[in-house]
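Dear colleague,

I am handing over the structure below, and after it you will find my notes on what was found. Please read them with the coordinates open beside you.

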Amino acid sequence: LSDIAEINPRRPIKKGEVTPFIDMAALPIHSRDVDGNIPSREYKAGGSKFRNGDTLVARITPCLENGKTAFVNCLPDNTVAHGSTEFIVLAPRSKHDAVFVYYLARSGAFRDYAIARMEGTSGRQRVPNSAVASYKFPCPPTDQRVGIGKLLSSLDDRITLLRETNKTLEDIAQAIFKSWFVDFDPVRAKMEGRQPEGMDGETAELFPGSFEESELGVIPSGWNVVTIQGVCDTISNGSTPSRSKEEYWNFGTIPWVKTGELADGFLISSAEQITEKALVETSVKLLPENSILMAIYAAPTVGRLGVLTQPATFNQACTGLVAKKHVGTWFLFWTLFFARGWFNSRANGAAQQNISKKIVENFELVLPSSQALSAFGEVSSRLHEKIRANTETISTLSSLRDTLLPRLISGQLRLPEAQEITEAVLS
């Protein structure tokens, strides 16, 4: 690797200078680009230094194992930024290799190599810079390296576009829920003699025109205060089948989900699967498609959500919820989403803060009329069906990207063949 990339190159930043700063939380796991807006911070000394075209690789456990890797393309021109001391910076020796170096660093072979060479005490292991520099691989000619980078970037560009589309659709669904069921905008509009904004007359008729007192304060007249338990058919905690029993894990086909895989949206796949034997012989729970998983362990993760796209099991750091049919998955999902701060405020524990299943069950909410619930269900279902279709496409493109990479590097697949496969998928 050191033949085509410099490891942790010297970058000039004066002490006290204010430059963009990237921390570990901003490094993505499943995407190419740095997450969110980049803040600026005074440089005090130490840490990593990088610029556009560099690749950042997490070198510490568990971030390395999780695949935290990013291509830096978010900085102003000619800017040197700084970041976590736990980054390894890979700077291409030629600008033509910048994208190729990134995809090489996110490959499974590179990650396995780096993990096998980690040093240090348990929980704080790191891969040495020298080990990364010594990584060996079959290096294609320059023109092929450029072609591989462009091809895989075309897949990531489409993935980025689909994620941005999904974010827009999610924002719309969230805004509708907040307007209808948090701020009660339609009720307030009717009280003032106005037509509710963005709503036809038929839908407006589903909302009352007054408020009444309740234990949660004023709520729309005729609506009720209930608990999460009252709107669910099932609420259950997960568990982990014994790792020492190979028959519980080998050749498993039943998804088993961990909290780190929850990302406030559809859960298309899980990293691990268990067997039918584990399902029968252990306390692990199987929930149906469209169930909600909620993280209850390790604040601030508490409250993170995922919606199952197929039946799945889950670990003990999650609570699984199945909404009653008339309530609907997405009303429950957004209710839990807006209650995240409340749940986190009740997390307790010394080493890792958590909440109990009982706290989830007893959370109180305002339950609208069945007609208003039905109207929201129709609107949100249309939005989330589009989100799910996009998410499934993202999963397909991500799998293709990660499958093509090792075959192209090893020479098992020629670039023109890979381009034909990619064009067929993107068309």
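In this predicted model, one open sheet is built from 4 strands in the order 3-2-7-4, and its pairing is mixed. Strand 3 (40–42) and strand 4 (48–50) are the edge strands, each of them pairing on one side only. On average, and with direction ignored, neighbouring strands of this sheet are turned by 45 degrees against each other. Within the sheet, strand 2 (residues 18–22) and strand 7 (residues 81–83) pair in the parallel sense over 2 bridges, and Ile-22 stands opposite Gly-83 of strand 7.

Another open sheet, also of 4 strands, has the order 1-8-5-6 with antiparallel pairing. Strand 1 (5–7) and strand 6 (69–71) stand at its edges with a single partner strand each, so one side of each is left without a neighbour in the sheet. Here the average turn between neighbouring strands, direction ignored, is 20 degrees. Strand 1 pairs with strand 8 (residues 87–92) in the antiparallel sense over 3 bridges, and the bridge partner of Glu-6 in strand 8 is Ala-91. Helix 2 (residues 98–105) packs on this sheet, where it touches strand 1, strand 5 (55–58), strand 6 and strand 8, and its direction makes about 170 degrees with that of strand 6.

Some backbone details in the loops may also be worth a look. Asn-8, in the loop between strand 1 and strand 2, has a phi near 50 degrees, a positive value in a residue other than glycine; Asn-8 is partly exposed, with a relative accessible area of 31%. Asn-78 lies in the loop between strand 6 and strand 7 and has a phi near 60 degrees, again a positive value in a residue other than glycine, while its relative accessible area of 85% makes it exposed. The peptide bond from Thr-61 to Pro-62 is cis, with omega near 0 degrees, and Pro-62 is placed in the loop between strand 5 and helix 1 (63–66). Gly-120 belongs to the loop between helix 3 (108–116) and helix 4 (129–133) and counts as exposed at 53% relative accessibility; its C-alpha atom is separated by 9.8 Å from that of Ile-60, although the two are 60 residues apart along the chain.

Turning to the interior, in soluble globular proteins nonpolar side chains tend to be buried together. The largest nonpolar core of this model has 49 residues, and those with the most contacts inside it are Phe-181, Ile-228, Leu-321, Phe-331, Leu-332, Leu-336 and Phe-343. Among the elements that each supply at least two residues of this core are helix 5 (142–182), strand 12 (232–237), strand 19 (318–323), helix 9 (329–338) and helix 12 (370–410). Phe-331 can serve as a point of entry: not counting residues up to four places away in sequence, it touches Phe-177, Phe-181, Leu-365, Val-366, Leu-367, Pro-368, Leu-373 and Phe-376. Apart from this core lies another, of 41 residues, which includes Ala-98, Tyr-103, Tyr-113 and Ile-148.

As for charged side chains, the structure holds 20 salt bridges. Lys-178 and Asp-183 meet in one of them, at 2.7 Å from N to O, and both are partly exposed, Lys-178 with a relative accessible area of 34% and Asp-183 with one of 27%. Arg-194 forms a salt bridge with Glu-192, the closest N and O atoms being 2.9 Å apart; Arg-194 is partly exposed at 39% relative accessible area, whereas Glu-192 is exposed at 55%. In the salt bridge of Arg-388 with Glu-392, the closest N and O atoms are 3.2 Å apart. Why can these two be described as separated by about one helical turn? Arg-388 and Glu-392 are 4 residues apart in helix 12, and therefore about one helical turn separates them; Glu-392 is partly exposed, with a relative accessible area of 36%. Finally, Arg-106, Asp-156, Arg-401 and Asp-402 are linked in a network of salt bridges.

With best regards

Definitions and conventions. Residues are numbered from 1 along each chain as its sequence is written. This is a predicted model: local features need pLDDT of at least 70, side-chain atom pairs count only at pLDDT 80 or more; totals for chains, interfaces and linings use all residues. Side-chain values use heavy atoms; hydrogens and water are left out. Two strands pair if DSSP finds at least two bridges between them. Axes are lines fitted to C-alpha atoms, for helices over the stretch in contact, and angles run from 0 to 180 degrees between N-to-C directions. Contact means heavy atoms within 4.5 Å. A nonpolar core is a set of buried Ala, Val, Leu, Ile, Met, Phe, Trp, Tyr and Cys residues joined through side-chain atoms within 4.5 Å. Buried means under 20% relative accessible area, exposed over 50%, partly exposed in between (1.4 Å probe, protein chains only). A salt bridge is a side-chain nitrogen of Lys or Arg within 4 Å of a carboxyl oxygen of Asp or Glu.
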